[in-house]
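Me: I would like to work through a structure with you, feature by feature, and learn how each one is read. Could you take the general idea first and the case at hand second?

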Amino acid sequence: MQAYLGVDVGSVSTNLVVIDDDGNVLVDLYLRTQGQPIQAVQEGMKQVEEAIKGKKIEICGVGTTGSARTLSGVIVGADTVKNEITAHAVAASHLVPDVQTVLEIGGQDSKIIILRDGIVVDFAMNTVCAAGTGSFLDHQAARLNIPIEDFGGLALQSEASVRIAGRCSVFAESDMIHKQQMGHPTPDIIAGLCDALVRNYLNNVGKGKEILAPVVFQGGVAANVGIRAAFEKALGLKIIVPDYFKVMGAIGAALLAKATVKEKGETNFRGFVVSDLEYQASSFECQGCPNLCEIVNISVDDKVLARWGGRCGKWDTLSKTG
Amino acid sequence: MRVGIPRTLSFFTLYPLLKPFFDGLGVEVVVSPASNKALLDEGVKDTVNDACVPIKLFHGHVVALKDKVDVLFMPRIISLDGKNTLCPKFLGLPDMVKYSVSNLPEIIETRLDMKKGKMEIYRFLYRVGKRFTDNKVKILRAIWHARYKFSRYRKLLLKGLTPEEAFTCLHTGQEPPHKEQSGQIKLAVLGYPYTIYDDYISVGLLDMLREQGVRVYTAEMVPEEAMKRMSKKLPKNLFWYYSNRVVWGSQYYINEQNIDGIIHVTAFSCGPDSMTNKLVELEAKQHQPKIPFLTITVDEHTGEAGVATRVEAFVDLIKRKKGII
Amino acid sequence: MKISFPYMGTSHIVVSYLFEKLGFEVIYPPTPSKRTLSLGVQYAPEFACLPFKIVLGTYLEVVEKGAEILITSGGCGPCRAGYYGELHKRILHDLGYPVEMIVIEPPLVEPLDFLRKLHKIVKPKGIFNLLHYGRIALEKLKALDVVESTLHELRPLALDKQQINQAYIEGLELIRQADSVKEVIEAKKAALEMLESVPADHTFKPLRIGLIGEIYVVLEPAANHDIERLLGERGAYVHRSIFLANWTRDNVLAHGEKDIRAMAIPYLNQMVGGHGQNSVGEVVRYAEEGFDGVIQLAPFTCIPEIVAKSIMPAVSRDKNIPVMTLFLDEQTGQAGIETRIEAFLDLLWQKRKKQEAS
């Protein structure tokens, strides 16, 4: 069976999916990046190889996305390297063909994508720090000593949510502590945090956007029923959370790879050997001009595979992004 | 016929002129409620993200008024003193609101530009009056009446009344209560009237200070001739009316009034204040002896606790310096 | 006397030439770097805009190298950039650098002040010297603009982007060295030939994008993460709303750009300082000229552009042209800019494909 691989490497999680020719998900993986994108990709590749072993699945194309898209693209030999906005939009409109709004909240960033007739017409990404992202919730959950998995359920038990103010997670945290000290029950505080996240998201990322149904909510935070409920309350619309909400970026990358390979007729995929190779990442500060750009080298067996990071393009000869 | 006036921005400067004027025309004036959480939330939702909190608040006041009035009064104020303009946000305010808030009633966005001469304020009122009546005599009488009240308002502010107290005096016609500030230290609290006199956005700063035994002085208490004198001191003045009054006020209190310290209240990401704040800071720093200086930054996320801590510490610092505690 | 000035785009080529010929020792402002920015950020007010911080950083770098006079432009508001000269001076003095700051105010607003300062600058070698070299400098300004706009046209078509970037840098050097009107014209021709000799795919129809916003962040690559290059390398033709020569003509010598402002009037019937009203008008113009999209660049906390941005959704909807606004400050990361640009280009390609299909 012909299949396509999608790899989405972000700062918090590394996701891989394998889809078949009709876009059905055969394999989906969700790993922590833990600051080691190369190892995370290699580990993911190993797990994908295990999962498809003996199933007569042939990887005919691979696409990467996420903030480490260039790096992971070099490692796996990507046919397409796409920004995460396009990847998320492609995946959402594949699963919900008439989708008009995509809300995506990941670990370190959040975005909104507006589509009309299957085409992206507008988008925005968060401009302020963690107040509208998943790490904000992780952080506060840790602070309250509650497993993040229970967070959403507890929020639903609240009868009157507490108002938590704060431009960023540090300020929100001090306000939350203040509310705790005033004696508010925990579920009300958690519901307040969910409301605060949704409010900050809509006021920052969603500002001025025409949010119409169907609304698809994806990204790691979509697991949280408290946030889902807060969105439904704030927007007055039903929120659709797709089955594979966690790995939508990777699905989009796989779909894009499929389209690219169909067009050019071949793949650059380096095969599953990549999980056994020894990749070295090194960096140095270019002294060529006062910009002092940090140049990153990726090499295998002392052979430089790719290099990027310079403003002037002097070092970019080996790779192309975009 | 009801005309709505948002209780923010130029409100603290122009309301005592507008209220008697509209009264004289027989038009009912509806003022939005004092700023509050719900109103600010509404404003934050509608306003472009990067705007400062006073602009967001203004949008909130507009939303609070829009279904209660027939006409919204939102003049495009270019200049109030004939020399300086206002912050660019005032210049583009009617346009910003029109494209951000839906289902608005009719808007009066008459231009007020005092660079056109001293009589412009009357011509401005006349143009506004024409919207409501064709009776010229009625408009002129309303203008005359308004002018009288307005000059009285300025005098009341000079006596140290807050705008709200002055409004009450004007409304009831009573003489102001004799008001002698007591307290051991004198602080100049400088900022735009729509920030420092809006108790919600300044989290009750003025009262907080008075409770701590501080005599509070604001830019509105500086005599006009002193402002003029100060305006000649800088090699180049700022471009914005309210910002200049903050700078001149600070110079007056620093150089002529023997003030103990300065608090500058500014809104998060305020463009003109990035200049104003630095100028006042340098003025305070370069004076002999150095004048203690504190900046309070407010926005939609400000908590009362944070401001109180800073203010208390600042007041303590000055008191200790003077050997009071 | 050692003189220096703010760095903005390619203007330093012309400004330094002129001052050298006027008999000053020029301290070359370095290309703004990370160090420039961090120096500026350290001493500037927190909410001052990015141009203020970069220029302050530049001043601190040149005074270290011994600059005694700093020359810059003034302004009469309501954009705060008009006050920057004065505040920069105060900050530098406060830090213990006794530099002299010459702030050139707009000649039509302050004619006497302008003449007095001009006299001071010109005195060492006289007025005829100024007229002679002023003409060459003006010619250089025009040459730089022509070469730059040619680069914008050819970069999306070039097969090797690095080669055309390099050709451009060499072309600038030729113009810098030219020392007479004739030489400038020859240098311009040579620079254009170098750009045109780079192999290119002339059948490619690039996306056409208008670049608008506040002048400093539009003109200075260090402030905008070299956005023109990023767009050009990704197959987009960038038309910049502001070029040095036309800006100098319109704003220094006359109250120009009336036609652009007229286009803004249905949406914003008031000058709001800086480039706020122009930005609105330019979106209308780009839409009417059939551009695919517009990118608005503005420094964080820039009020004129905030006013413009709040009106932008209405203009974008009426004229059916996508507009993306990027607010820039010292916190803006390269990765964030690239992701947004790539997503915006994807959006525009999709829109074009759909239009072609119907």
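Me: Let me start with the division of the chain into parts: which domains does the domain assignment give for chain C?

Reply: This is a predicted model, and the domain bounds come from an assignment. For chain C that assignment gives domain 1 (2-123), domain 2 (139-154 + 157-204) and domain 3 (206-358), where domain 2 is written as two segments.

Me: How many residues does each side give to the contact between domain 2 of chain C and domain 3 of chain C?

Reply: One can begin with the separation of the centres and then turn to the residues that meet. The centres of domain 2 of chain C and domain 3 of chain C, taken over C-alpha atoms, are 24 Å apart, and the contact takes ten residues from domain 2 of chain C and twelve residues from domain 3 of chain C. On the side of domain 2 of chain C that touches domain 3 of chain C, the elements giving two or more residues are helix H6 (127-154) and helix H7 (161-177) of chain C, and H6(C) gives the most, with six residues. By class, the residues of this side of domain 2 of chain C are four nonpolar, two polar and four charged.

Me: Which domains does the assignment give for chain B, and how many residues of each are in contact?

Reply: The assignment for chain B gives domain 1 (2-172) and domain 2 (185-321), with 25 Å between their centres, taken over C-alpha atoms. Here 27 residues of domain 1 of chain B are in contact with 23 residues of domain 2 of chain B. Helix H1 (11-25), helix H2 (37-46), helix H3 (53-66) and helix H7 (136-158) of chain B each supply at least two residues of the side of domain 1 that touches domain 2, and among the elements H3(B) gives the most to that side, with four residues. The class division of that side of domain 1 of chain B is 16 nonpolar, nine polar and two charged residues.

Me: Turning to contacts between chains, which element gives the most to the side of chain B that touches chain C?

Reply: An interface can be read in the same order, from residue counts to elements to classes. In this model 30 residues of chain B are in contact with 31 residues of chain C; helix H4 (88-91), helix H5 (93-100) and H13 of chain B each supply at least two residues of the chain B side, and H13(B) gives the most, with nine residues. That side of chain B divides into 16 nonpolar, seven polar and seven charged residues.

Me: And which elements give two or more residues to the side of chain A that touches chain C?

Reply: They are helix H3 (84-95) and strand S8 (119-125) of chain A, in a contact between 20 residues of chain A and 23 residues of chain C. S8(A) gives the most to the chain A side, with five residues, and the residues of that side are nine nonpolar, nine polar and two charged.

Me: What should I look for in the nonpolar core, and which residues have the most contacts inside the largest one?

Reply: In soluble globular proteins, nonpolar side chains tend to be buried together. The largest nonpolar core of this model has 292 residues, and those with the most contacts inside it are A:Ala254, B:Leu86, B:Val189, C:Ile209 and C:Val283; H7(A) gives the most to this core, with ten residues. Leaving aside residues up to four places away in sequence, B:Leu86 touches partners including B:Ile77, B:Leu91 and B:Trp240.

Me: Now the backbone: where does B:Ser269, with its positive phi, lie, and is C:Thr301 buried or exposed?

Reply: A positive phi is worth checking together with the surroundings of the residue. B:Ser269 has a positive phi of about 65° although it is not a glycine, and it lies in the loop between strand S9 (261-267) and H13 of chain B. B:Ser269 counts as partly exposed because it has 19 C-beta neighbours inside 10 Å. C:Thr301, with phi near 70°, lies in the loop between strand S7 (293-299) and helix H15 (303-319) of chain C, and C:Thr301 counts as buried because it has 25 C-beta neighbours inside 10 Å, the cut-off for buried being 20 or more.

Me: Which peptide bond of chain A is cis?

Reply: The bond from A:Ala213 to A:Pro214 is cis, with omega near -5°, and A:Pro214 lies in the loop between helix H7 (186-204) and strand S9 (215-218) of chain A. In chain B, the bond from B:Gln288 to B:Pro289 is also cis, with omega near -10°.

Key
Residues are numbered from 1 along each chain as its sequence is written. Chains are lettered from A and ligands numbered from 1 in the order in which they are written. This is a predicted model: local features need pLDDT of at least 70, side-chain atom pairs count only at pLDDT 80 or more; totals for chains, interfaces and linings use all residues. A residue is buried if 20 or more other C-beta atoms lie within 10 Å of its own, exposed if 12 or fewer, and partly exposed in between; C-beta atoms are placed from the backbone. Two residues are in contact if their C-beta atoms, placed from the backbone, lie within 7 Å. Ala, Val, Leu, Ile, Met, Phe, Trp, Tyr, Cys and Pro count as nonpolar, Asp, Glu, Lys and Arg as charged, and the others, Gly among them, as polar. A nonpolar core is a set of buried Ala, Val, Leu, Ile, Met, Phe, Trp, Tyr and Cys residues joined through C-beta atoms within 7 Å.
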